[in-house]
Amino acid sequence: MTKNSTLSLIQKGEKKALEQLYISHKSEFVQWLQGSYGASETESIDIYQDTIIAMYENIVRGKLKTLDSSIKTYLFAIGKNKYLSYQRGESKKTELSVIALSLETEDNEPTHEEELSTHVAKKIEELGTACQKILQLYYFDQLSIREIAEKLGYKNEDTAKNQKYKCMQKLRKLVKPEIPKNSSTS
Amino acid sequence: MNYEEKIEDFVAGTLSEKESGELMELAKVDREIAYKIELEKTLKKGIENSGRSALKKYLMEIDSAQTPIIRSSKTWRPALVAASAIVIASLSVYLTMYGASQASLFKDFYEPYTSYAPITKRGMAKDLSSFELAQKAYEQGVYDKALHLFNSVAKSDERDFYLAHSYLALKEYQKAALILGELKAKEAVPQSTITWYLALAQIKLGEIEKAKENLKYLRQRSNPYQEKADEILNRL
């Protein structure tokens with residue numbers, strides 16, 4: 001499989017392609033981070049996972065469609081930044097959240113907004129697996145309604161769209177009373 | 001299209017440029033609309049965080065599904081691969097002659113659940129909560145202590161998940177299967193890991209049809225246990 005076909009498969013929501021990519025570079029990445037920067041094995045694995053997540057987000061958001069360099073070079077470049085950022089202590093504020101390392105795709109944002117999104121993430125857990133899945137596929141994995149309908153086995157696009165709408169309504173009801181109107185940012 | 005849908009599309013980036021402009025103009029004079037837009041942005045960020053968590057769990061599941069051979073150092077890999085080949089060859093002969101026994105299936109595929117959870121990541125917290133202490137005992141392989149500690153903390157899906165794994169490691173398969181079955185029924189996450197270990201417990205208990213159902217579930221979906229589930233189904 002070529003590097004660009006791997007990117008294309010991941011972009012289409014093929015988790016198997018992401019899994020293969022994750023496994024194929026893990027050992028070398030972890031050894032490199034340990035050897036070059038003195039990171040522990042646990043830290044290296046954690047940074048590697050966050051690196052893969054950052055790469056995944058860049059792919060599904062259309063920011064990474066093709067690569068001139070190798071996937072390994074790309075991963076190691078992100079990984080290096082992530083580890084240096086971690087070392088500088090920039091990630092300390094988000095240490096409790098396993099995944100909330102600052103991603104390349106994110107801008108610096110006010111802390112209270114991060115807190116709100118963490119609060120929302122907790123509320124999402126109350127929605128149940130079906131709603132979690134459809135919302136994540138739409139907003140995080142960036143799949144279209146048609147792709148979601150196929151993936152989750154809905155009868156048609158309208159059913160999937162309706163289900164997504166209901167889940168969002170459910171989430172709004174859960175979250176709205178706890179977010180005061182003066183918390184909004186312009 | 002009502003305003004709620006328009007705002008949702010605007011935040012998702014699927015609203016047309018013209019309609020987006022109109023909405024932003026409206027938000028300047030209507031505080032309710034402005035608030036709804038910000039609320040929608042917050043929801044989207046929260047969902048994205050939730051998606052990252054789910055993906056992180058998926059990657060952790062891939063790690064925990066890896067066999068010790070894959071995780072071993074490079075120095076030992078060739079020897080281990082060779083040894084595995086001999087074991088697999090011997091096993092094939094055994095299976096051809098005697099068929100797959102439930103005991104051997106369990107033994108071949110069961111490994112205690114390995115977590116790369118927060119307790120061991122990025123340095124050790126000095127003041128561990130009761131749950132973290134229990135988790136630490138589990139990670140150190142002191143399963144009876146882990147069981148005792150998990151039983152003393154408040155009930156949650158995560159507590160039950162580890163409780164079931166402690167029972168499994170202590171060979172109390174009936175109790176493990178009961179808890180894992182409950183977690184699966186309420187669609188707790190990580191669903192594929194729960195289903196995988198439930199299937200293994202059921203194999204050990206001789207509940208082969210139930211185990212097959214769970215393995216088929218795993219085989220039909222993209223998850224780290226897909227290939228192993230297929231392998232067991234072929235052997236059952």
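Which of the elements of chain A has the lowest mean pLDDT, and which the highest? Helix 5 (residues 111–125) of chain A has the lowest, 76, and helix 3 (residues 41–60) of chain A has the highest, 92. Here pLDDT is the predictor's confidence in each residue, from 0 to 100. Helices (H or I, at least four residues) and strands (E, at least two) are DSSP runs, numbered from the N terminus.

This is a predicted model, in which local features need pLDDT of at least 70, side-chain atom pairs count only at pLDDT 80 or more, and totals for chains, interfaces and linings use all residues. Residues are numbered from 1 along each chain as its sequence is written, while chains are lettered from A and ligands numbered from 1 in the order in which they are written.

## The two chains

A residue counts as buried if 20 or more other C-beta atoms lie within 10 Å of its own, as exposed if 12 or fewer do, and as partly exposed in between, with C-beta atoms placed from the backbone. Two residues are in contact if their C-beta atoms, placed from the backbone, lie within 7 Å. The table sets out the chains in these terms.

| Chain | Helices and strands | Buried residues | Contacts with a separation of 6 or more that join residues 24 or more positions apart |
|---|---|---|---|
| Chain A | eight helices, zero strands | 34% of 186 residues | 60% |
| Chain B | 13 helices, zero strands | 34% of 236 residues | 46% |

## Confidence

The model scores ipTM 0.81 and pTM 0.58. Chain A has a mean pLDDT of 81, and 81% of its residues reach 70 or more. Over residues 90–110 of chain A the pLDDT is below 50, and this stretch has 34 contacts in the model beyond near neighbours in sequence.

For chain B the mean pLDDT is 79, with 78% of the residues at 70 or more. Among its elements, helix 4 (residues 68–71) of chain B has the lowest mean pLDDT, 41, and helix 10 of chain B the highest, 92. Two stretches of chain B can be added here. Residues 67–76 of chain B stay under 50 in pLDDT and have six contacts beyond four places in sequence. Residues 116–126 of chain B also stay under 50, and for them the model has 19 contacts beyond four places in sequence.

## Helix 2 of chain A

Helix 2 (residues 15–37) of chain A bends by about 45° at Lys26(A). The bend at a residue is the angle between axes fitted to the seven residues ending there and the seven starting there. Lys26(A) is also one of the buried residues of this helix, which include Leu18(A), Leu21(A), Tyr22(A), Phe29(A) and Leu33(A). An α-helix has 3.6 residues a turn, so residues three or four places apart point the same way.

What covers the buried residues of helix 2 of chain A includes helix 1 (3–11), helix 3 and helix 4 (71–87) of chain A, together with helix 3 of chain B. After helix 2 of chain A comes Gly38(A), with a positive phi near 70°.

## Contact between the chains

The contact takes 40 residues from chain A and 32 residues from chain B. On the side of chain B that touches chain A, the largest share, 21 residues, comes from helix 3 (residues 31–65) of chain B. By class, this side of chain B has 13 nonpolar, nine polar and ten charged residues. Ala, Val, Leu, Ile, Met, Phe, Trp, Tyr, Cys and Pro count as nonpolar, Asp, Glu, Lys and Arg as charged, and the others, Gly among them, as polar.

## Nonpolar cores

A nonpolar core is a set of buried Ala, Val, Leu, Ile, Met, Phe, Trp, Tyr and Cys residues joined through C-beta atoms within 7 Å. The largest has 64 residues, and those that touch the most other members include Tyr56(A), Ala146(B), Leu180(B) and Tyr197(B). Helix 3 of chain A gives the most to this core, with nine residues. Leaving out residues up to four places away in sequence, Tyr197(B) touches Tyr113(B), His165(B), Leu168(B) and Leu180(B). A second, separate core of 22 residues includes Val120(A), Leu143(A), Ala149(A) and Leu171(A).

## Two loop residues

Gln142(A) is not a glycine, yet has a positive phi of about 60°. Gln142(A) is found in the loop between helix 6 (129–140) and helix 7 (145–152) of chain A, and is partly exposed, with 19 other C-beta atoms within 10 Å.

Lys171(B), a residue other than glycine, has a positive phi near 65°. Lys171(B) lies in the loop between helix 9 (157–169) and helix 10 (173–185) of chain B, and is exposed, with 9 other C-beta atoms within 10 Å.
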